[in-house]
Each structure stands twice: as C-alpha cells, then as structure tokens.
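User: Hey, can you walk me through this one? I'd like to know who touches what.

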There are 2 protein chains.
Amino acid sequence: MEPGDSTKQARAAAQLRKGVLEYCVLALMRDRPRYGVELLQALEDSGALATSQGTVYPLLSRLRRDDLVTTTWQESTSGPPRRYYALTESGRAALEEFTRVWPGFRDAVDTFLTTPHPAHPSTGDPA
Amino acid sequence: MEPGDSTKQARAAAQLRKGVLEYCVLALMRDRPRYGVELLQALEDSGALATSQGTVYPLLSRLRRDDLVTTTWQESTSGPPRRYYALTESGRAALEEFTRVWPGFRDAVDTFLTTPHPAHPSTGDPA
DNA sequence: ACCAGGTATCTTGCATCGCATGGAACCAGG
DNA sequence: CCTGGTTCCATGCGATGCAAGATACCTGGT
C-alpha cells in the first residue's frame, strides 16, 4: 500500500461499501448464476468496489441463510468444483427493492455534497 | 410499521446509510457551524438519510475525537445552550476526499444495477 | 414556589457489516 | 510424492447505525 492517497481513500471507500456490496452481488447474479471467485473478479474489475474473499464469502453465506440465493455445485475443467449462486424470488425482489431505493439515496448524497448550506431561512434563531 | 414495503425499504436504506452519513454531516457543516438537532432536522428533510439522535451524537463524538470538527458552546434564545460543530482543516480535507471518491463509487453502483451481466466474454471456462 | 412540556445533549448495549488472516479441499504436472 | 494453482469457507476484530434511556436547561401555567 502506498502511504500517499491509499489511507484516506481506502478509509472513505471502505465505509462506502457497507451495505451496497450485498446488492451489487445480487445484481451480478441477475442474468446468470455466478460462483465466488467470479464475483470477486467482477467487483475487482469495477474498481471502486474491489474487495476480498473474507468479505464475499461471509456475505454469500448470509444471502443463503436469508433465502435470497440458492446454490448448486458444478464441476470445473480447471480446478475444484464451483458453487454457483443463483437468485431466488426473494433475492430478485430484494434487488428490485434496492433498485427502487438507490436513486433517491444517491441523489440525496449528491445534493448534500454539491449544494451550499447557508443559514437556514426558516430555522434557528435569527440572532 | 406496515408489513408491505417498510420492512424491506428500511432494511435496504439502513445498510445504505453506513459510512455515508459521516460525510453528509461533514458536508452540512461546510458553510456554517451546526448543532446536533439542526443536523438531525436537515437529514430528516432530505428524506433518504433520516436518522435518530442515537446515531448522530455518537457520530459527532467520533468526529471530535478524530479532530475532524471542533465545538463551541453557544446560548440559545429558546432552550438550553447548543454545542456548535465546525469543520477543522482535517475535516475539510476528509470531506473533499470523499467528494472525490464518491462519483466513482456512485457510478460503479449505477453500472451494476443497470447493466446486464451476461456470460463474461473473456473470463471463465469457455466450455 | 411548583410542575409540565419542549429543547438539547449524551450514554449504554445490541446487531450487523467489511475485512485480514488462516485453513481446507481438489486437480494437474513434474 | 510433492509443488502450485484454484476454489471454498471459518474466526476474530474494529467500526457503525440504532433503539432506548438518562440528564439538563428554559419557559409558562397554576
């Protein structure tokens, strides 16, 4: 890790991932079942959401525990068998729910970051 | 709580807030010192980031502990004195850092949610 | 003087989450 | 047999949002 920007950027980005990662993983399974390392690589390719196995596998366990995904073992031509994760109906519903909520959240953050916040015209004492 | 959407929406939104709240609070202090209840109301007004005192005050304590904000007591005309929070240089730097990181993160999530994810053309076994 | 209500701040305990670390299993090739 | 690559998973830590409760100040009514 370079000591220059990695510290602050990593800190901000790490907190940012919280909660969003779950739904990005669900989104990755939307059109096709995926297996662990594949998800890891897709997140890595996105840049801003790169993470580690220690994050993804417990996350996948939670998704399975909550019946958002089902898994099937499938043999591979280049290594041990892979566990493929596919969305259940609940998983698809959760993904759609998040897709509905996300724009409002995103725009709210954008507004906070870009809009000036002068003295509130109708709140606080005018003194 | 209505059993329909509130549960899922609340769940998704709650996880979403994690990590972002800190920087939205810093953003609210960018142009003017703020006090606790004022921040709470501003977040409430935004809709998507509404939260409670039990979230904001520990957050403000952390910001002060990490020297991202300084505080000054100021008397009020309508109640007990207020503790106003103002950005330090570190706090302003952290806010700017987040402002730099946020667009990339936001766009990455947008891409995951809106882009179809068919079989990867250059990854995975071609079988 | 007394008490109720609104304003404002802060603490405690809980559940959850990202992550570093480490380990285990399977397969191919030397 | 043994090394290396691939894939999976569990454990423990630190940080965070949150509900619930406690404390204190000020104003106004009786």
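Analyst: Sure. Let's begin at the DNA: the surface near DNA strand D has seven nonpolar, 12 polar and seven charged residues. Keep in mind that this is a predicted model.

User: Okay, and which residues come nearest to DNA strand D?

Analyst: Among the 26 residues around DNA strand D, the nearest are A:Tyr57, A:Arg83, A:Tyr85, B:Arg17 and B:Thr51. As for the DNA side, 71% of the atoms of strand D that come within 4 Å of the protein belong to sugar and phosphate.

User: Which atoms of B:Thr51 and A:Val37 lie by a phosphate oxygen, side chain or backbone?

Analyst: For B:Thr51, an N or O atom in the side chain is 2.5 Å from a phosphate oxygen of strand D. With A:Val37 a backbone N or O atom does it, at 3.0 Å.

User: Which helix gives the most to that surface?

Analyst: H4(A), with four residues.

User: Switching topic: how much area do chain B and chain A bury between them?

Analyst: About 4900 Å², and 66% of it is on carbon and sulfur atoms. B:Leu16, B:Phe112 and B:Leu113 supply 16% of the area chain B buries against chain A, more than any other three residues.

User: And how many salt bridges are there between the two chains?

Analyst: Two between chain B and chain A. One of them joins the side chains of B:Arg106 and A:Asp110, at 3.0 Å from N to O. On the side of chain B that touches chain A, H5(B) gives the most, with 16 residues.

Methods: Residues numbered from 1 in each chain as written. Chains lettered and ligands numbered in written order. Predicted model: local features only at pLDDT ≥ 70, side-chain atom pairs only at ≥ 80, totals over all residues. Heavy atoms only, no water. Buried area = accessible area lost by both parts, 1.4 Å probe. Salt bridge = Lys/Arg side-chain N within 4 Å of Asp/Glu carboxyl O. Helix = DSSP H or I, 4+ residues; strand = E, 2+ residues; numbered from the N terminus. Near = heavy atom within 4 Å. Polar contact = N/O pair within 3.5 Å; in protein donor to acceptor, adjacent residues only side chain to side chain. Nonpolar A, V, L, I, M, F, W, Y, C, P; charged D, E, K, R; others polar.
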